Amino acid sequence: MALALAEAAGGPAHGDVPVGAVVVAGGRVVARRHNERELRGDPTAHAELLALRDAAGAGGGWRLDGATVVVTLEPCPMCAGALGAARVGRLVFGAADPKAGACGSVLDVIHEPRLNHRVDVVTGVLAAECGELLREFFIRKRREAGARAEPGHA
């Protein structure tokens, strides 16, 4: 999780929410990425999807059987679906997402019995640190938005 947190710290430099993801396969890190939606102008450029793409490329195929994905924030429905589609073995996440989490908070895509693959999930790893990184980012964003809205600040 420490690697995912370090990766997440790169997102705010280009206006992205600080979420980091690391893919571990065969006992080694094969991919690590952070959100790049703002940077790329791409709604699918979530840390998890970017890391899955890199890991698939490094491994020579889309099946990531037995891989572990470590992410700082509970994946959304899109990312949770991608984890299952990639046949990931385990998901480890830090902070729960009570607004859009799809691994137990709002939805539970990862454990949906009608789907053909389920992912083992470990939650709450360094949750306070992951949550604090997100809180600080949004506090800064609100401050910046307030400063722009004040008269005399063009």
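Helix α3 is followed by Gly60, whose phi is positive, near 80°. The model described here is predicted. The helix itself covers residues 47-59, and its length can be checked against its residue count. At 1.5 Å a residue, these 13 residues should span 18 Å, and the C-alpha atoms at the two ends of α3 lie 18 Å apart, so expectation and model agree.

Several residues of α3 are buried, namely Ala47, Glu48, Leu49, Leu50, Ala51, Leu52, Ala55 and Ala56. An α-helix has 3.6 residues a turn, so residues three or four places apart point the same way. The cover over the buried residues of α3 includes both strands and helices. Among the strands are β1 (20-25), β2 (28-34) and β3 (68-73). The helices that contribute include α2 (37-40) and α4 (77-85).

Two of these covering strands, β1 and β2, are paired with one another in the antiparallel sense, over 6 bridges. Ala25 has Arg28 of β2 as its bridge partner. The hairpin formed by β1 and β2 has 2 residues between the strands, and Gly26 in this hairpin adopts a positive phi near 60°. A positive phi is thus found both at Gly26 in the hairpin and at Gly60 after α3.

Aromatic contacts were examined next. A search of the whole structure returns 1 aromatic pair. The pair is made by Phe137 and Phe138, and it is classed as edge-to-face because the ring planes stand at 80°, with the ring centres 5.0 Å apart. Burial was also assessed for each of the two residues. Phe137 counts as buried, at 4% relative accessibility, whereas Phe138 is partly exposed, with a relative accessible area of 36%.

Cysteine residues were then considered. The count of disulfides comes to 0. A disulfide requires two cysteine sulfur atoms within 2.5 Å. For Cys79, the closest cysteine sulfur belongs to Cys76 and lies 3.8 Å away, which is too far for a bond. For Cys130, the closest cysteine sulfur is that of Cys103, at 14 Å, and this separation is also too far for a bond. Both cysteines are nevertheless shielded in the sense of accessible area: Cys79 counts as buried at 0% relative accessibility, and Cys130 counts as buried at 1%.

Methods
Residues numbered from 1 in each chain as written. Predicted model: local features only at pLDDT ≥ 70, side-chain atom pairs only at ≥ 80, totals over all residues. Heavy atoms only, no water. Buried < 20%, exposed > 50% of the residue type's maximum accessible area, 1.4 Å probe, protein only. Phe/Tyr/Trp six-rings, centres within 6.5 Å; stacked < 30°, edge-to-face > 60°. Helix = DSSP H or I, 4+ residues; strand = E, 2+ residues; numbered from the N terminus. Expected span 1.5 Å × (residues − 1). Contact = heavy atoms within 4.5 Å. Pairing = 2+ DSSP bridges.
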